[in-house]
Amino acid sequence: MPVTTTQPTPETMASRIVRYADLRPCRNAFIDTRSPGSEAKENFTIIGPGVSENPAQHVHIPEAHGFNIGGARQPPGCVNSQHSHLTAEVFVVHSGHWRFDLGEHGEDAQVRIGPGDVISLPTGMFRGFTNVGEGIGFLFAVLGGDDPGRVLWAPQVFDLARHYGLVLLQSGRLIDTAAGQAVPPDAVAMPRTTADQIAALHRANAAEAERMVWRHSQPAGSGRDPVIGAGGPLDWPHGFALERIAIAAGGTLGIPTPAGPEVLFVQEGELEVAWPEGAVLLGPGDTITVPCGLDRALSSASGCLAYRVSR
């Protein structure tokens with residue numbers, strides 16, 4: 001991602017914003033899309049390719065950042081099945097209340113989080129999550145690397161998928177035989193996860209699960225709270241940094257101009273991002289990627305809480 005050498009126009013900056021209202025979901029992104037309790041979930045790839053298994057998944061901004069930004073939206077009771085990742089997976093709760101279940105069957109440990117909370121899930125560990133709130137909930141997701149790899153599913157997920165006509169190929173592509181798609185003759189199906197693969201994964205206890213969480217409940221006036229990276233409580237290697245930024249009504253916040261990628265998504269209130277050639281206004285759930293090296297100012301007329309991902 002090269003450092004910008006020209007001042008972007010307002011139109012250029014507008015193209016770097018993904019509005020919450022304009023998010024385009026994929027309702028059959030993964031092998032568990034028809035598993036009972038999981039069929040109503042929506043998945044989003046906001047920046048980068050993500051880990052979707054459906055080639056029809058819409059990517060809002062494909063530009064490589066060194067990390068991926070995605071999202072999950074689920075109604076009450078909706079489940080994201082047990083799986084593991086090859087790179088860091090971090091969730092920021094934009095709305096709703098969620099329970100994260102760790103282990104092959106979700107029985108090793110459980111932790112609950114709510115709006116503004118952050119959970120960082122280590123690689124090589126089964127996790128799943130459920131919207132346990134009363135309304136539709138949305139999670140922002142940050143995945144490490146330009147290519148976050150593929151998902152490793154718990155064995156029972158493969159069993160249910162086969163029952164409902166879904167086949168995952170070793171290439172990572174999902175085939176929907178119930179919709180008339182055929183497995184290509186030269187393709188190989190992804191084998192069911194083995195006992196040896198499961199034994200190689202980490203199993204967390206309740207105390208460790210709680211240490212994966214940063215709670216949003218601490219007071220926020222105006223400033224920066226590191227969450228992931230130097231000075232943050234979730235300080236193990238991720239490949240990116242994450243911080244909460246808070247701006248009081250009528251205030252501004254000074255952050256040094258980043259040499260690398262910078263993404264902001266708004267939790268509460270309105271955030272203005274201004275640069276010498278213009279300004280854009282973001283509301284709750286909106287995401288912006290700022291060109292590398294752009295000298296910009298952050299302010300809010302009404303007060304704002306947002307999260308910043310950078311490298």
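A pocket, as the term is used on this tour, is an open set of grid points with protein on both sides within 12 Å along at least five of seven lines, and its lining residues have an atom within 4 Å of a point. The model in the viewer is predicted.

**First stop: the largest pocket**

Select Val51, Ser52, Gly149, Arg150 and Gly172 and centre the view on them; among the 16 residues that line the largest pocket, these lie nearest its centre. The space in this pocket amounts to about 230 Å³. Colouring the lining by class gives 6 nonpolar, 6 polar and 4 charged residues.

**Second stop: the second largest pocket**

Next, select Ser35, Pro36, Ser38, Val79, Ser81, Gln82, His105, Gly106, Gln156, Val157 and Leu160, which line the second largest pocket. Strand β5 (79-84) and helix α2 (155-163) are the elements that each give two or more residues to this lining. The volume here is about 170 Å³. By class, the lining of the second largest pocket holds 4 nonpolar and 7 polar residues, with no charged residue.

**Third stop: helix α2**

Keep α2 selected and display its side chains. Pro155, Val157, Phe158 and Ala161 are the buried residues of this helix. Looking down the axis of α2, one finds these buried residues within an arc of 160 degrees, so they line one face of the helix. To see what covers them, add β5, β12 (152-153), β13 (166-168) and α3 (195-199), which are among the covering elements. Just beyond the end of α2, glycine 165 adopts a positive phi of about 85 degrees.

**Fourth stop: the enclosed space**

Rolling a probe the size of a water molecule over the atoms reveals where empty space remains. In this model the count is 1 cavity of 30 Å³ or more. The largest cavity has a volume of about 270 Å³. Select Phe30, Asn43, Val51, Glu89 and Leu143 to reach it: of the 23 lining residues, these lie nearest the centre of the largest cavity. Strands β2 (42-47), β4 (67-74), β5, β6 (89-95) and β11 (137-144) are the elements that give two or more residues to the lining. Which of the elements supplies the largest share of the lining of the largest cavity? Strand β4 does, with 5 residues. The lining of the largest cavity comprises 11 nonpolar, 11 polar and 1 charged residues.

Val51 merits a second look, since it appears among the residues nearest the centre of the largest pocket and also among those nearest the centre of the largest cavity.

**Fifth stop: histidine 94**

Follow strand β6 to histidine 94. Is histidine 94 buried or exposed? Its relative accessibility is 13%, and because buried means under 20%, histidine 94 counts as buried. Beyond residues up to four places away in sequence, histidine 94 touches Pro115, Phe138, Leu139, Phe140, Val266, Gln267, Pro284 and Gly285.

**Sixth stop: valine 111 and alanine 204**

Move to strand β8 (residues 109-113), where valine 111 is located. At 5% relative accessibility, valine 111 counts as buried. Its contacts, leaving aside neighbours within four places in sequence, are Trp98, Arg99, Phe100, Ile119, Ala209, Glu210, Val213 and Arg215. For a sense of distance, draw a line from the C-alpha atom of valine 111 to that of leucine 281: these residues are 170 apart along the chain and 35 Å apart in space.

Then select alanine 204, in the loop between α3 and α4 (206-211). Alanine 204 is buried, with a relative accessible area of 5%. Outside its neighbours within four places in sequence, alanine 204 is in contact with Leu102, Asp108, Ala109, Met125 and Met212. A second line, from alanine 204 to glycine 269, spans 36 Å from C-alpha to C-alpha, with the two positions 65 residues apart in sequence numbering.

**Last stop: the cysteines**

Finally, display the cysteine sulfur atoms. How many disulfides are there? The count comes to 0. Cysteine 26 is in no disulfide, and the nearest cysteine sulfur, belonging to cysteine 78, is 14 Å away. A disulfide requires two cysteine sulfur atoms within 2.5 Å. Cysteine 26 counts as buried at 6% relative accessibility, and cysteine 292 counts as buried at 1%.

Technical notes:
Residues are numbered from 1 along each chain as its sequence is written. This is a predicted model: local features need pLDDT of at least 70, side-chain atom pairs count only at pLDDT 80 or more; totals for chains, interfaces and linings use all residues. Side-chain values use heavy atoms; hydrogens and water are left out. Buried means under 20% relative accessible area, exposed over 50%, partly exposed in between (1.4 Å probe, protein chains only). On a 1 Å grid over the protein atoms alone, a cavity is a set of points where a 1.4 Å probe fits but cannot get out, and a pocket is an open set with protein on both sides within 12 Å along at least five of seven lines; lining residues have an atom within 4 Å of a point. Grid points are joined across faces, edges and corners, and a volume is the space filled by probe spheres set on the points. Ala, Val, Leu, Ile, Met, Phe, Trp, Tyr, Cys and Pro count as nonpolar, Asp, Glu, Lys and Arg as charged, and the others, Gly among them, as polar. Helices (H or I, at least four residues) and strands (E, at least two) are DSSP runs, numbered from the N terminus. The arc is that of the directions from the helix axis to the C-beta atoms. Contact means heavy atoms within 4.5 Å.
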